[in-house]
Amino acid sequence: MANTSAGNPVTPLSATPRRCPICGKPAMARHQPFCSARCADIDLGRWLKGNYSIPTDEAPEDAPEDDER
Ligand SMILES: [Zn+2]
């Protein structure tokens, strides 16, 4: 038998409120894990930007060569 003295390995949850990863304010239950819809939107924007690769090589539309003489 283990001889542990009053061991409570389970850390109590909801002791400290989650903090908004964007601004660091306490997160609201409604907008978890963010403090507001605005911060959630910011995070979403970052996420999308990270996924979508911005095309840098734009193919310029060349005007058709017109043989006018
Ligand atoms: Zn925030």
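Modeller: A residue is buried when its relative accessible area is under 20%, exposed when it is over 50%, and partly exposed in between (1.4 Å probe, protein chains only). By that rule, 7% of the 69 residues of the chain count as buried. This is a predicted model: local features need pLDDT of at least 70 and side-chain atom pairs pLDDT 80 or more, while totals for chains, interfaces and linings use all residues. Residues are numbered from 1 along each chain as its sequence is written, and side-chain values use heavy atoms, without hydrogens and water.

Colleague: What makes up the secondary structure of the chain?

Modeller: One helix and zero strands. Both are DSSP runs, numbered from the N terminus: helices are H or I with at least four residues, strands are E with at least two. Helix 1 covers residues 37-51.

Colleague: Why is Trp-47 called exposed?

Modeller: Trp-47 has a relative accessible area of 53%, and the cut-off is over 50%, so the label applies. Trp-47 sits in helix 1.

Colleague: Which residues form the nonpolar patch on the surface with Trp-47?

Modeller: Leu-44 and Leu-48, and the three together have about 310 Å² of accessible area. Such areas come from the Shrake-Rupley method with a 1.4 Å probe, and for residues only the protein chains shown count as cover.

Colleague: What makes a group of residues a patch?

Modeller: Each member has over 30% relative accessible area and no salt bridge; nonpolar side chains (Val, Leu, Ile, Met, Phe, Trp, Tyr) are joined within 5 Å, like charges within 9 Å. A salt bridge puts a side-chain nitrogen of Lys or Arg within 4 Å of a carboxyl oxygen of Asp or Glu.

Colleague: Which residues form the negative patch?

Modeller: Asp-62, Glu-65, Asp-66, Asp-67 and Glu-68. The patch is called negative because Asp and Glu count as negative, Lys and Arg as positive, and His and the chain ends are not counted. Each charge is placed at CG of Asp, CD of Glu, NZ of Lys or CZ of Arg. Glu-68 comes in the segment after helix 1, and its 73% relative accessibility makes it exposed.

Colleague: How do you know whether Lys-25 is buried or exposed?

Modeller: Its relative accessibility is 52%, so Lys-25 counts as exposed. Lys-25 lies before helix 1. Leaving aside neighbours within four places in sequence, its contacts (heavy atoms within 4.5 Å) are Arg-18, Arg-19, Cys-20 and Cys-35. The C-alpha atoms of Lys-25 and Cys-35 are 6.2 Å apart.

Colleague: Why is His-31 called partly exposed?

Modeller: His-31 has 25% relative accessibility, which lies between 20% and 50%, so the middle label fits. With the same neighbours left aside, His-31 is in contact with Ser-36 and Ala-37.

Colleague: What is the peptide bond from Gln-32 to Pro-33, cis or trans?

Modeller: Cis, with omega near -5 degrees. Most peptide bonds are trans. Pro-33 belongs to the segment before helix 1.
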